[in-house]
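Welcome! Please take a moment to look over the sequence and the structure below before reading on.

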Amino acid sequence: MSGSGWLFRFGMLLAAGFIALLILLPLFSLLLYADPARQLALLRSDETLAALRVTLTTSLLATGAIFVTGLPTAFAISRFNRKWRQLVDSLLELPMVLPQIVAGLALLLAFGRNGIFGRVLSAWGMQIPFSTAAVVLAIIFVLAPFFIRRTAVLFDQVDHELEEAAQLLGAGPFFGFRHVTLPLCRRPLIAEAIMVFLQSIGLFGAVILFAGNIPGRTRTLTLAIFDAFESNPEVAFALAALLLLVSLLLVLAGRLLLRNLDGGGK
Amino acid sequence: MSGFRLDIAFRRPHLALDVLLEIPPGLTLLLGPNGAGKTTLLRLLAGLEKPDDGTITSNDRTLFDAARGICLPPSQRRIGLLFQHLALFPHLDVRDNIGFGLRAQGIGKVERERSIAAIVARFALEPHIDKPVAALSGGERQKVALARTLAARPDVLLLDEPTATLDQENRWRFRAWLAEILAEWKVPTLMVTHDPADAASFRKRIVVLEGGRICQRGSFHQLLHAPATPFVADFAGVNFISGTIGTDNGATIFTSAAGTRLQAPFELSRSGPACLTVLPWEIALYRELPEGSPRNVVEGTVRDAIVLGDRVRVTLLGREKLVAEISLRGYQAMGQPGRGATLFAAFKAREARVENV
């Protein structure tokens with residue numbers, strides 16, 4: 001018996017080692033590629049700065065929008081009865097498994113100049129595709145379902161009796177949500193928001209199709225990498241290393257924020 | 001009419017309730033076997049579940065009326081519910097837990113602080129006011145939960161097995177304390193329990209819910225003497241002796257109305273009229289007078305012995321009427337004493353409970 005236990009542990013170690021190697025090796029190579037002087041020079045270029053600015057603003061806007069609209073949606077889903085819940089859960093799964101390229105095309109069909117909704121908008125003189133708004137919209141389309149799904153599960157886990165206790169003490173639905181449900185989920189919710197922000201920074205397929213690759217307007221860091229890879233691979237690698245560093249910094253910042261929340265009392 | 005009145009029907013595949021009940025100010029005890037629908041009944045009254053039919057009124061305010069399509073949400077019923085597991089808010093400290101209802105009802109800060117201070121003082125919770133609720137003991141948490149419920153100024157109070165999660169000693173302390181608090185608040189109160197000791201302690205008004213209906217109502221005394229169902233009989237099987245607590249040569253002693261002198265834990269009682277309860281399974285039976293034992297011993301003759309599975313319930317008549325429940329094996333080892341046999345019933349002092357009446 002102890003023999004098979006040893007084998008099992010060895011198997012686990014082997015699997016973990018394989019995965020770690022596969023993931024860490026490329027990341028490590030990219031980090032090694034990052035040469036401080038070159039990174040700094042890259043950071044000083046207007047093009048890179050513009051891409052970084054577009055990336056961060058669109059990601060922040062999209063994260064905010066997903067949080068503000070996704071939160072109530074997830075709460076509603078969490079409180080649906082079982083039949084409706086299953087239906088909505090399957091509906092959410094669809095965009096989750098949709099390839100981003102397809103998502104981009106679908107967005108174009110809906111909001112493009114000749115799209116269903118795009119025609120209405122262009123009648124009002126508005127045009128979404130190939131604008132900064134399109135980047136935000138593409139991010140929301142791709143990431144909101146993930147956020148909603150995970151957040152609904154968070155709300156499921158809140159002890160129902162606590163919400164009932166709040167109601168019986170005279171709390172209306174919003175007061176109960178604001179003062180009981182939300183604070184109880186605060187930490188994982190913030191973790192989810194950070195996750196959405198980090199994921200949105202790296203989005204590519206849906207963005208390039210729906211928003212195009214216009215410098216200073218819709219060219220995010222990933223699009224800049226794609227663009228550079230075709231003309232000047234060296235810059236592409238440098239940009240990739242930069243993106244990795246930015247992500248790493250943001251992950252660390254997120255950790256720090258969550259740790260402060262834990263230490264911050266109530 | 002002040003008080004709480006309900007006449008409701010609720011039907012589900014596994015449970016059907018048909019309950020007509022009036023709860024006057026003061027404590028009414030709701031007894032019933034497990035699965036009788038006691039907790040569901042509380043949830044129906046609180047508005048957490050919806051009855052299929054009927055009416056619920058509180059001080060002439062209609063909370064629910066199926067015919068008129070009225071069904072107030074829980075937040076507007078002014079019903080306080082003490083959950084069995086308390087449902088204290090883990091993210092708030094004691095002060096904010098207690099003040100939650102007032103805040104939810106939009107009471108201003110000054111008045112809120114005053115109300116919290118008053119109830120915290122009454123419940124002796126000052127040392128804990130800034131603590132998170134997780135830092136409190138079971139008894140303290142119970143106090144905070146009741147304080148939170150009462151601070152919201154309910155018209156009706158529902159208690160779901162408040163003694164179930166406490167240990168034996170704290171249970172009696174809690175009962176005495178609860179009786180005191182309820183005497184001050186005077187709201188109609190319905191307390192669910194399946195602990196016979198609760199019934200022995202709060203014995204004025206008891207209703208029994210069985211098979212989805214109220215099958216009996218009355219005082220504990222009435223239930224004891226004329227149980228309507230086997231459940232009530234079982235439940236009321238707890239031995240109940242009335243008498244007085246007094247002192248004899250400086251030692252506290254309980255003397256029954258018939259003159260039997262018994263020992264019990266007296267820490268929580270004072271001299272004067274009292275009742276002593278002891279559960280049937282805490283009594284041992286002997287053929288001979290057990291010698292050198294520090295226990296309470298009562299002599300009696302067997303009136304009947306009923307076999308219940310692997311247990312035997314023996315009723316002894318003598319100066320006191322006592323019901324003992326012993327193992328079948330023990331009963332057989334004694335030679336199966338039948339009607340008329342003389343036996344000695346013994347129980348330890350700490351297994352008896354005394355309460356002032």
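The report below goes through the two chains, then one helix, and then the contact between the chains.

This is a predicted model, in which local features need pLDDT of at least 70, side-chain atom pairs count only at pLDDT 80 or more, and totals for chains, interfaces and linings use all residues. Residues are numbered from 1 along each chain as its sequence is written, while chains are lettered from A and ligands numbered from 1 in the order in which they are written.

Let us begin with the chains. Helices (H or I, at least four residues) and strands (E, at least two) are DSSP runs, numbered from the N terminus. A residue is buried if 20 or more other C-beta atoms lie within 10 Å of its own, exposed if 12 or fewer, and partly exposed in between, with C-beta atoms placed from the backbone.

| Chain | Helices and strands | C-alpha box along the principal axes | Buried residues |
|---|---|---|---|
| Chain A | 13 helices, 0 strands | roughly 70 × 65 × 40 Å | 30% of 266 residues |
| Chain B | 9 helices, 21 strands | roughly 70 × 50 × 35 Å | 40% of 357 residues |

Chain B has a radius of gyration (taken over C-alpha atoms) of 23 Å. The globule rule (2.2 Å times the number of residues to the power 0.38) gives 21 Å for 357 residues, which is close, so chain B is as compact as a globular protein of that length.

Two residues are in contact if their C-beta atoms, placed from the backbone, lie within 7 Å. Among contacts in chain B between residues at least 6 apart in sequence, 67% join residues at least 24 apart. In chain A, 75% of the contacts with a separation of 6 or more are between residues 24 or more positions apart.

Now for a closer look at helix 2 of chain B, residues 94-104, where 8 of the 11 residues are buried. Among them are B:Ile98, B:Phe100 and B:Leu102. The buried residues of this helix pack against helix 3 (109-122) and helix 4 (138-151) of chain B, as well as helix 8 (160-168) and helix 9 (173-184) of chain A. Just after helix 2, B:Gly106 has a positive phi of about 75°.

How many residues of each chain are in contact with the other chain? There are 18 from chain B and 16 from chain A. On the chain B side, strand 7 (79-82) and helix 2 each supply at least two residues. That side holds 12 nonpolar residues, 6 polar and no charged. Here Ala, Val, Leu, Ile, Met, Phe, Trp, Tyr, Cys and Pro count as nonpolar, Asp, Glu, Lys and Arg as charged, and the others, Gly among them, as polar.
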